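Grab a pencil and have a go at these before reading the solutions. Each one takes a short chain of steps.

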Amino acid sequence: MTAGKSPVIELPLTITLTTAGVEWFRRNRRQLKQLRMADSRLEYGIAVATMPASSLQKMINIDYIATVELARSEFSSKRTEIIDLTKLIVHRILFKKFETETLRMMLDSPLIKRWNRQNPSRLIDMNTTYSPAQLDALLAAVAADIPTVSLEIQEPLLRGYAANASLSGEERTLRAYLSDGFVVSCSKLLLCVLAMTRGQEEYTQLLEELRAVLASYIEKAIISEYLALMIVELLGYTEVSHYEQVARRILGSRRAGTAAMTDASLRAEVRQRMEADRDLLSLTYQLGSKGASIGTEHRLRVTISNEEPGYRRMREQLEGRIGTDVKERSLLDFYRKLPEQQISTELGLYYLSYLQKACEKQNVRIESMVSQVPRSDLTLINLTLQF
Amino acid sequence: MELKLRKAGKIYVIDVIGEMDLYNAFRLKDLVKKMIASGVSSYVLNLDQVPYMDSSGIGSLLYVNTELKKRGLPLRISGVKGSVRKVIELTRLVEHFPIVQDLDTALQQLRDKAREKAEGQPPG
């Protein structure tokens with residue numbers, strides 16, 4: 001969710017917690033609900049009708065959230081909210097990763113190496129722990145310098161964006177917002193060290209390294225825009241297939257499925273039935289966390305689930321697009337090749353290949369897969385991103 | 001999604017209002033087909049009030065652009081921003097669409113083009 005947008009997520013969310021999250025809820029005597037998830041598993045968590053974006057951000061920051069799930073008969077009326085939610089989640093994952101990477105960078109810097117040589121009894125390394133109170137006290141001592149440090153990290157980048165004629169005003173604003181978000185997410189220890197060493201040669205060197213990492217993270221975060229569009233596109237694809245299937249079933253005609261696409265009142269009727277039968281589509285964001293299995297930290301898995309018997313067809317369509325070589329080709333090339341009746345449902349699947357290219361460019365690993373839950377009709381479309 | 005038609009001299013401006021998706025994108029194609037049939041010769045597609053467009057919407061834009069190009073009828077697309085711009089960038093269509101900054105620029109360019117044509121100069 002970007003600056004200036006509604007600070008409340010207007011979506012009913014089912015949130016499951018990490019071990020740390022569950023412990024916090026129990027310690028604070030907060031009630032957890034037993035929730036049935038899209039894949040039928042029973043999990044403990046919370047269910048909310050709306051949620052302040054800041055609360056979700058905070059819970060992701062402190063590693064309390066395992067999954068965020070939404071189940072609905074349709075997603076078209078909530079596209080903007082889903083786009084914002086996706087961006088919020090991706091930005092938070094990247095802000096956290098940036099915090100860890102820049103802290104590690106500082107610990108490996110000549111500045112800290114020198115400190116450790118001179119103060120062997122007060123070594124600073126990845127295992128050094130400071131209580132929040134100690135960090136706050138350190139930060140308070142240099143509070144006046146923090147805004148200057150923050151500005152010195154960002155200033156050349158922001159100047160570069162302002163001078164870059166190929167960026168629109170909107171793109172400059174987004175980059176400035178992200179830049180600020182990343183710097184605000186820096187570890188307090190890093191900010192303290194920077195503030196305390198301002199003006200020293202090693203400070204300048206560390207600052208330059210930080211700027212390079214910041215610039216690469218800002219570009220990585222732009223992926224969230226494309227990922228959000230891809231998710232909404234896949235939801236649309238799944239939603240249409242679901243409408244057709246339910247319309248045919250309840251109205252008893254093959255043509256009913258097609259009619260539902262152009263007739264809003266027919267779609268409303270079909271939706272009512274879906275809701276009464278709890279025949280819903282689900283979107284799940286599974287966040288990797290420190291405590292989860294090795295290699296899952298800074299990972300995001302997005303799953304779209306649908307009780308869809310046409311699993312094989314869906315898999316073929318999607319996997320056929322994933323491998324498409326988009327080098328030097330625009331969507332126009334694929335548009336020209338598709339039969340007219342397939343354009344409305346299949347053109348968007350090519351976005352996957354473009355998303356893949358955009359991810360490769362930013363060193364983000366992406367995998368996509370269609371699978372089916374054994375002994376059920378539940379079809380899952382998975383996108384996994386390792387940032 | 002709503003489609004509003006207005007005239008600026010000989011130029012027809014189609015204002016698209018609302019999200020453009022697979023439930024409604026075909027209406028733009030239908031409208032342009034009718035406009036071509038009735039002899040409209042100059043088009044602006046104003047997307048200033050389109051907050052979101054899915055691949056069907058992109059498909060409709062590709063259709064309109066291709067059909068008008070085939071007939072030598074000029075088109076400008078204005079007001080492309082936000083997620084609409086992002087999807088056009090992602091799918092590398094920026095160069096294919098005659099996108100201009102805003103409606104005024106679109107109208108100006110089409111008027112210049114009409115004038116050049118009337119004066120017998122090669123169109124730019």
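Two exercises follow, one on a whole chain and one on a single residue. Keep in mind that this is a predicted model.

**Exercise 1.** Work out how chain B is built along the sequence, and whether its radius of gyration agrees or disagrees with that of a compact globule.

*Solution.*
- Step 1: start by counting elements, which gives four helices and five strands in chain B.
- Step 2: put them in sequence order and you get β-β-α-β-α-β-α-β-α.
- Step 3: now the globule check. For 124 residues, the expected radius of gyration is near 14 Å, and chain B has 14 Å, so the value agrees with a compact globule.
- Step 4: add the outline, a box of roughly 40 × 30 × 25 Å around the C-alpha atoms, along the principal axes.
- Step 5: look at burial and contacts. In chain B, 52% of the 124 residues count as buried. Of the contacts between residues at least 6 apart in sequence, 68% join residues at least 24 apart.
- Step 6: finish at the surface, where carbon and sulfur atoms make up 50% of about 5,700 Å² of accessible area.

**Exercise 2.** Is A:S224 buried or exposed, and what does its side chain find as a polar partner?

*Solution.*
- Step 1: locate A:S224 in helix α9 of chain A, which spans residues 201-251.
- Step 2: the relative accessible area of A:S224 is 0%; buried means under 20%, so A:S224 is buried.
- Step 3: look for the polar partner. A polar atom of the A:S224 side chain sits 2.6 Å from the backbone oxygen of A:A221.
- Step 4: leaving out residues up to four places away in sequence, A:S224 touches A:K87, A:V90 and A:H91.

Technical notes. Residues numbered from 1 in each chain as written. Chains lettered and ligands numbered in written order. Predicted model: local features only at pLDDT ≥ 70, side-chain atom pairs only at ≥ 80, totals over all residues. Heavy atoms only, no water. Helix = DSSP H or I, 4+ residues; strand = E, 2+ residues; numbered from the N terminus. Rg over C-alpha atoms; globule rule 2.2 N^0.38 Å. Buried < 20%, exposed > 50% of the residue type's maximum accessible area, 1.4 Å probe, protein only. Contact = heavy atoms within 4.5 Å. Areas by Shrake-Rupley, 256 points an atom, 1.4 Å probe, with all protein chains shown as cover. Polar contact = N/O pair within 3.5 Å; in protein donor to acceptor, adjacent residues only side chain to side chain.
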